[in-house]
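Please walk through this structure one element at a time, with the three-dimensional view open beside the text.

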Amino acid sequence: MKVLSKEKLQTAFNKLNEGAEVFVPMQKGTQSGFHPWKSFESDKDALMLDALNVYLPPKNVVFPQTEKMYSIKQKGVEINIDETFENYDPTIIFGARGCDIKGILAMDDVFLTKGYEDSFYKARRQNNTIIANACYESGPNCFCSSMEVNPTDPAGADVIIRDTGKEYVWETKTEKGEAVTAVIADLLEEKEVKLPEAKPFKQNVDYDGVAEKLKGMFEHPMWDKLAEPCVNCGMCTYVCPSCYCFDIQVKMWGDEGYRFRCWDSCMYEEYTREAGGGNPRGAAKERFRNRFLHKLEFFKERYDTPLCTGCGRCIAVCPNGINIIKIIEQVKEAEINE
Amino acid sequence: MKEITNKIQEIASRLLQEGQVDVFLAWEQGGEAFQTRPYFARTVEEAKNLVFNEYSIHNIANSLLKFRDGQEKIGVVAKGCDSRGIVRLMEDNQISRDRLYIIGIPCPGMKDPLIAARNHSGFNKANESEEGIAKKCRDCIQPNPVIYDELIGEEVAPHFEGERFAKVREIEAMSPDERYKFFEDTLSTCIRCYACRQVCVACDCRTCIFDEMKPQWVGRENNTTDNMMYHIVKASHMAGRCIECGECERVCPVNIPLMVINQKLIKDVDEFFGPYEAGMKYEEGVKPALSMYKEDDPDNFL
């Protein structure tokens, strides 16, 4: 099998960075997320490949928080599109966990299937290569294996690396993977090493039948109680590897400007506000309920897979202790009066 | 703490039983010890879930905003910061005194459940910081409740030691360029999740300026300019209102030192219009600094 010594890791990043922008998990200042390798400052930043994960998922690589779409010029009543900004620059996500890759696969479903292709997403995604970091040990909030993710052999990876302690076993999975493997071929050694053994999950969540059961639970009183501690910030949606909602807005100076899109959050009152001033999800509880129904029911109905990938980030960061595992458990236990 | 929990459960049960309150606001225990979170008990049965422990750090006064449009009578547990939050809400006519039954608790200083949760998550290489008394509690000047109907326990001395505005002075002493760099560095990492706004007890506007679309006062792009605009506008709205509970800084997922900005405004309001300290005392009809004007206010800067 092919092996990359950890000592050669930074050399590998530098080589890969010659032909693509490489994003690696790092603690950068106060922010822990996937940042460009070229921005790494060894005296200030820390590589986080050894940690279970980073707080901000890699979704921003294929779906940036703010993305310029096209620029506009206006002459009298005539408005012309000046330039579009579809971004085809190659990118590599290095060391993503299975849960986060599942998040990107969910976005593929949204942006590339069912008869509509989002050209901005497609441009970034088709030139994006994912090098997965297989997980052999779960964290206290991890439940990806209950949400259709295989942490040791994640779907959607172009290359899978497996941490044996001193080195990474390097397994190429796709054509895109072969291309990046070729770039660092001279750094890889041929060697037989023992693969790590997967440890059992600390959390096992029974998602079986939850989507179907939720169909009859829209008006269930449990949502009132569950939503009470929620302060309706958007933190859970922004640290989520699969939340993909966005808003399209415009910035104009006189007769010039541009359109851009930016992440939006179903937790915000403004998100569902309509032109006439009405709001179908005006109450905090309605927004809270929608987030969980989207994760656990609606997405499953449309794409046959849950939108929650079991990464556990929202559990770790929620200011008021909302725990999606507990919510799934309560749904399972809830009594429904037909 | 166990005694305080028992006492709270006892009082809450009594108030709910006698119909003196319709709902009682305190905390409940989640799965892990640190997973304590706000909880609203509506029945004697639910009152048994109430707890007060070393992780009851949230500013529970913020939860009162969920009840501002109703008529319910509300029992609420208040530490020093919570009580100052309650005063703020009453000053802003968000909730009236006669709807509240306040159980004051002199605060021994809390631990931060978020630090515990993050240390517990596996996402940190080493422990993020010590799981002792939270920073916001070490900075607290008012651990004792400033308003209450019943007090549980004895008053305690403030935890705060040292020079209160040391960090503010440090930034004031910077050159304009250094200062700009400092704010550029700290605010460029903001992900605009608005958690700092949502947990803030002084942020009680029904329609927030950041949610307004016509006109849109602050752009939605996640870049340094719009992030700075968000934080500058939010901070200036806090002038004379921030009760220094530190919740904004505590919940920030990217660890922005927001209290430095708020403290600068606390210091300025005190120096220019004071002596003034927000939410320290409730007097009916009295408005906080910067919430009213007089015709003879000095205007020589115009």
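**From a helix of chain B to the strands of chain A**

In this predicted model, a good place to begin is helix α11 of chain B, whose buried residues are B:Leu258, B:Met259, B:Ile261, B:Asn262, B:Gln263, B:Leu265, B:Ile266 and B:Val269. These buried residues pack against four other helices of chain B, namely α6 (166-172), α8 (195-198), α9 (224-238) and α10 (247-251). The helix itself runs over residues 258-273, and at 1.5 Å a residue its 16 residues should span 22 Å, which agrees with the 23 Å that separates its end C-alpha atoms. As background to reading such a list, an α-helix has 3.6 residues a turn, so residues three or four places apart point the same way.

A second helix of chain B, α3 (residues 80-91), can be read in the same manner. Its twelve residues should span 16 Å at 1.5 Å a residue, and the end C-alpha atoms, 17 Å apart, agree with that expectation. Eleven of the twelve residues of α3(B) are buried, so the helix is largely enclosed by the rest of the structure. The buried set includes charged residues, B:Asp82, B:Arg84 and B:Arg88, and the buried residues of α3(B) pack against the strands β4 (74-78) and β5 (100-104) of chain B. After the helix comes B:Asn93, whose phi is positive, near 55 degrees.

Stepping back to the whole of chain B, one finds eleven helices and six strands. The radius of gyration of chain B is 20 Å, close to the 19 Å that the globule rule gives for 302 residues, so the chain is as compact as a globular protein of that length. Its C-alpha atoms fill a box of roughly 60 × 55 × 45 Å along the principal axes, and 46% of its 302 residues count as buried. Among the contacts in chain B with a separation of 6 or more, 69% are between residues 24 or more positions apart.

In soluble globular proteins, nonpolar side chains tend to be buried together. Here the largest nonpolar core has 161 residues, and those with the most contacts inside it are B:Phe24, B:Ala26, B:Leu50 and B:Val77. Leaving aside residues up to four places away in sequence, B:Leu50 touches B:Ile8, B:Gln9, B:Ala12, B:Phe24, B:Ala26, B:Trp27, B:Glu28, B:Tyr39 and B:Ala41.

Several loops of chain B also deserve a look. B:Glu32 sits in the loop between β1 (23-29) and β2 (36-41), and with 15 C-beta neighbours inside 10 Å this residue counts as partly exposed. Its C-alpha atom is separated by 9.2 Å from that of B:Ala117, although the two residues are 85 residues apart along the chain. B:Arg192, in the loop between α7 (176-187) and α8 of chain B, has a positive phi near 60 degrees without being a glycine, and it is buried, with 23 other C-beta atoms within 10 Å. In the loop between α8 and α9 of chain B lies B:Pro215, and the peptide bond that leads to it from B:Lys214 is cis, with omega near -5 degrees.

The contact between the two chains takes 36 residues from chain B and 40 residues from chain A. On the side of chain B, the elements that give two or more residues are β2, α4 (113-121) and α8, of which α4(B) gives the most, with six residues. That side divides into 15 nonpolar, 15 polar and six charged residues.

Chain A offers a set of antiparallel strands to trace. Strand β5 (residues 66-75) pairs with β13 (residues 256-263) over seven bridges, with A:Lys68 opposite A:Phe260, and β5(A) also pairs with β6 (residues 78-84) over six bridges, where A:Gln74 has A:Ile79 as its bridge partner. β5(A) and β6(A) form a hairpin with two residues between them, and A:Gly76 in the turn has a positive phi of about 60 degrees. On the other hand, β13(A) pairs with β12(A) over eight bridges, again in the antiparallel sense, and A:Phe246 is partnered there by A:Trp263. This hairpin too has two residues between its strands, and its A:Gly254 takes a positive phi near 60 degrees. Strand β12 (residues 246-253) is hardly covered, since the count of buried residues among its eight residues is zero.

Technical notes:
Residues are numbered from 1 along each chain as its sequence is written. Chains are lettered from A and ligands numbered from 1 in the order in which they are written. This is a predicted model: local features need pLDDT of at least 70, side-chain atom pairs count only at pLDDT 80 or more; totals for chains, interfaces and linings use all residues. The expected span of a helix is 1.5 Å times one less than its number of residues. A residue is buried if 20 or more other C-beta atoms lie within 10 Å of its own, exposed if 12 or fewer, and partly exposed in between; C-beta atoms are placed from the backbone. Two residues are in contact if their C-beta atoms, placed from the backbone, lie within 7 Å. A nonpolar core is a set of buried Ala, Val, Leu, Ile, Met, Phe, Trp, Tyr and Cys residues joined through C-beta atoms within 7 Å. Two strands pair if DSSP finds at least two bridges between them. The radius of gyration is taken over C-alpha atoms; the globule rule is 2.2 Å times the number of residues to the power 0.38.
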